[in-house]
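Hi everyone, thanks for coming. I'd like to walk you through a model I have up on the screen, so please get comfortable and have a look.

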Amino acid sequence: MNSTARRRLALFFGFAIGSAILAITPFVADGQTASSPDSAATLRVRVVHVAETGDTIPIARAFVRISVVSAQSDSAGLAILRVSPGTWPMTVSRLGFQEQTVEVRVDALADTTILVLLQESSEAIESVIVSATRGERRIEDEPLRVEVLSGEEVEEKLLMTPGDITMMLNETSGLRVQTTSPSLGGAAVRVQGLDGRYTQILADGLPLYGGQAGGLGLLQIPPMDLGGVEIIKGAASALYGGAALGGVINLLSRRPGESHVREILANQTTLGGTDIVGFASRKMNERAGYSLLLGGHRQRAVDSDDDGWVDLASYRRFVARPRVYLSSETGSNAMITAGTTIEEREGGTAPGSVAPDGAAFPERLRTGRWDAGGVGRLIVPSGIVSVRGSIAEQHHRHTFGPVTERDRHLTWFSELAYTVAGTEQTFVVGLAFQRERYRSREVARHDYGFSIPSAFAQLTRDLNSWLSVTASGRLDDHSEYGTFLSPRISSLIRLPGAWTLRASGGTGYFAPTPFTEETEVVGLSQVETIGELVAERARSGAIDVGGMIAGVEVNATVFRSTIDHPVVVKEAALMILPADVSGLLLENATTPTRTVGAEALLRWRPEPFAITATYTFVRSTEQKPFAGERRKRAMIPAHQLGMVAMFEEHGRGRVGVEVYYTGRQVLEDNPYRTESEPYAHIGVLAERRFGRARFFINAENLLDVRQTKFDPLVRPSRGPGGRWTTDVWAPVEGRVANVGVRLDLAQ
């Protein structure tokens, strides 16, 4: 074993041993107040509720508070407080139960024990278990902030865009779906202002869409078989490696329930889009079930401003995804899936039209993708053994006018983890291996093959009733860029009044590839790399506060991230380079990219209404080329606001309205302007059930905001890398409505 290997091994074992020592270190006992005076008396509070069977069941993690003294109940429902003798008002609360306030008299001469009975709330919020953090804890107990889109929210967005998940993600606070390829409609999701290439998209924890999802990946995922979405913002390399430098979006499958599901959805838009999607799921017995998604989607080409350039690309797409679910009496379970996507897209100049240079410039993309994967959990006497594995392959044939590029991208992934969960702590340790391979027929200079063996560990510990901490770390040995240790620590502080404070910080890395938002527009034949690229490194942190004010859920977040050695794209013509180098040039910037921002969320649910308001502020800067001063990064609105109001009667229908505002954006290499105009987006949705059928109508962009109303999308002459279009900073398709029906065939 050489010195490098020994050093890597020492780093991992040092981290694992440190985590193990932390796991067995004695902490302050749960419920105790270290600063309590000796004269204080002991109050024991047992929190229970009565089940439908009549049994009395203890309630764990109930929040008990007297003045500034608080504690949390353990698995037996017992909370212990040290308070001064006397009569005090005591508040007991727990998610899903009605809050209780009672007066208690604490005796100075003896311990006081009382029993508190909580009633389940008729408006109880379903307890959500998050899996993206590996610990599988309730979301309210997770130190790392995870945002969860419920099945109802996914269903709402399904009626707006049945063919893809762009609407669902774009209307989530802190996320922005940025169009990367105006001609073909490619898009990437930016998390808190970071480029889309830093976002890892997973399906049930598997990279089924590749280690670095392409710009069309978001447009090829129908949401009908999704049961929810988990979102982690900020550097998550400690959990998922280099592809998660900016964050993780984990798509959760819609699992079979007790009743058989057979649904078909048909949708038609005013711009010539058609979607027909079918979904079926069933429990075959107590140990096995399945689900199946089939989708056919088409869109005609749309030239909204009649300039001869297609603003909305045409496509024909077929999607299939079966899943099989298995379980055992011991709690062990498994999910196995396979999928395929076949699509053809066409954009660029419309038939019979030409670009400003007098020549036709059609763009076409043929995509063939298949994948297979599985997730398994084996319950053993001492813990849980988890296994994940997948393989995904994508084939592309991309035509940029007279130039054709054909490629193949293969991703292998496997992971083995062992989890030990106790009442106060959860410890996870595991190994992973990922293989990324890219081959191009025409542009072989950009071929690559990466192997990334990894080891990771994570410890979540409830230090006492009001503080929980998670320490994570991952060691990746990248075959091209070296070894990276990515730590992350998160904490959860439970404040009085059921408020919470979360703080998190970590580091991450990203292994550069030739795929960026800029190179996707012009193709790899226009891209050069001078010298060796080095890995991008990131540091990020966030502080989050959440709670309730008069029945309104409130959440506020501030965040900051720094990326060192970011890969940037420059125009080769502006640099002193060898004569055979032209087009676009990839290189590492010498100064970091810095991003700061804040998010706010308000959610009010006065039945049968649900009202959500969001606000996001982002300021991201980089150094100007050939200058020492910094500038704002392009295509990042400083301010975004949104409000969604929904009226719903379960089993009958819903009516909703949404309003979104996007502020000004700095523009780069745009011959018409250097700053965009702000704009508002208004949409309405109505759905009504009649027996087995649910009819819906949805209208988007009622104000008919279009970028081409301000400036042309097509440049007067070719820009960097030979591109014909400007960046897309506003909608280009204009007003659109869709109508459809969703049939329940299982009733």
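**A walk through the strands**

Let me begin with a pair of neighbours: S17 and strand S18, which covers residues 314–327, run antiparallel and are joined by 12 bridges. If you want one rung to look for, Gly289 has Tyr325 in S18 as its bridge partner. Please keep in mind as we go that this is a predicted model.

Now to the other partner of S17. Strand S16, residues 273–283, pairs with S17, residues 288–299, and the sense is again antiparallel, this time over 11 bridges. How many residues sit between S16 and S17 in their hairpin? There are four. A handy rung here is Ser281, whose bridge partner in S17 is Ser291.

Let's step back for a moment and take in the whole chain. It has 747 residues, and 54% of them count as buried. Its secondary structure comes to five helices and 40 strands. If we take contacts between residues at least 6 apart in sequence, 63% of them join residues at least 24 apart. As for the outside, the chain exposes about 31700 Å², with 57% of that supplied by carbon and sulfur atoms.

Next, two open sheets. One of them is built from four strands in the order S9-S13-S14-S12, and the pairing is mixed. Its edges are strand S9, at 147–149, and strand S12, at 199–203, each of which pairs on one side only. On average, neighbouring strands in this sheet are turned by 15° against each other, ignoring direction. Inside that order, strand S13 (residues 226–233) and strand S14 (residues 247–253) pair in the antiparallel sense over seven bridges. You can find the register from Leu226, which stands opposite Ser253 in S14.

The other open sheet has three strands, ordered S28-S32-S31, also with mixed pairing. Why is one side of S28 and of S31 left without a neighbour in the sheet? Strand S28 (527–529) and strand S31 (567–571) stand at the edges, and each has a single partner strand, so one side of each stays free of a neighbour there. Here the average turn between neighbouring strands is 35°, direction ignored. S31 is joined to strand S32, residues 584–588, by five bridges, and the two run antiparallel. Within that pair, Val569 stands opposite Leu586 in S32.

Now some backbone details that I think are worth a click. Asp204 has a phi near 55°, which is a positive value in a residue other than glycine. You'll find Asp204 in the loop between S12 and S13, so we are back at the four-stranded sheet, whose order includes both of those strands. Is Asp204 buried or exposed? Asp204 is buried, because its relative accessible area is 10%, and the cut-off for buried is under 20%.

Ala550 also has a positive phi, near 50°, and again this is a residue other than glycine. Ala550 belongs to the loop between strand S29 (536–549) and strand S30 (552–564). With a relative accessibility of 81%, Ala550 counts as exposed.

One more loop before we move on. The peptide bond from Glu607 to Pro608 is cis, with omega near 5°. Pro608 lies in the loop between strand S33 (593–604) and strand S34 (609–623).

Let me take you to Ser468, which is found in strand S25, residues 467–478. Ser468 is buried, with a relative accessible area of 0%. Which residues is Ser468 in contact with, leaving aside neighbours within four places in sequence? The list is Arg137, Pro143, Arg461, Asp462, Leu463, Ser490, Ser491, Leu492 and Arg494. One of those, Leu492, is 24 residues away along the chain, and the C-alpha atoms of Ser468 and Leu492 are separated by 5.1 Å.

Finally, let's come back out to the surface. Ile264, Ile276, Leu743 and Leu745 form a nonpolar patch there, and together they have about 290 Å² of accessible area. Leu745 sits in the segment after strand S40 (736–744), and Leu745 is partly exposed, with a relative accessible area of 41%.

That's the tour from my side. Thanks for listening, and I'm happy to rotate the view for anyone who would like another look.

Note on methods
Residues are numbered from 1 along each chain as its sequence is written. This is a predicted model: local features need pLDDT of at least 70, side-chain atom pairs count only at pLDDT 80 or more; totals for chains, interfaces and linings use all residues. Side-chain values use heavy atoms; hydrogens and water are left out. Two strands pair if DSSP finds at least two bridges between them. Buried means under 20% relative accessible area, exposed over 50%, partly exposed in between (1.4 Å probe, protein chains only). Contact means heavy atoms within 4.5 Å. Accessible areas come from the Shrake-Rupley method with a 1.4 Å probe; for residues, only the protein chains shown count as cover. Patches are made of residues with over 30% relative accessible area and no salt bridge: like charges are joined within 9 Å, nonpolar side chains (Val, Leu, Ile, Met, Phe, Trp, Tyr) within 5 Å. A salt bridge is a side-chain nitrogen of Lys or Arg within 4 Å of a carboxyl oxygen of Asp or Glu. Axes are lines fitted to C-alpha atoms, for helices over the stretch in contact, and angles run from 0 to 180 degrees between N-to-C directions.
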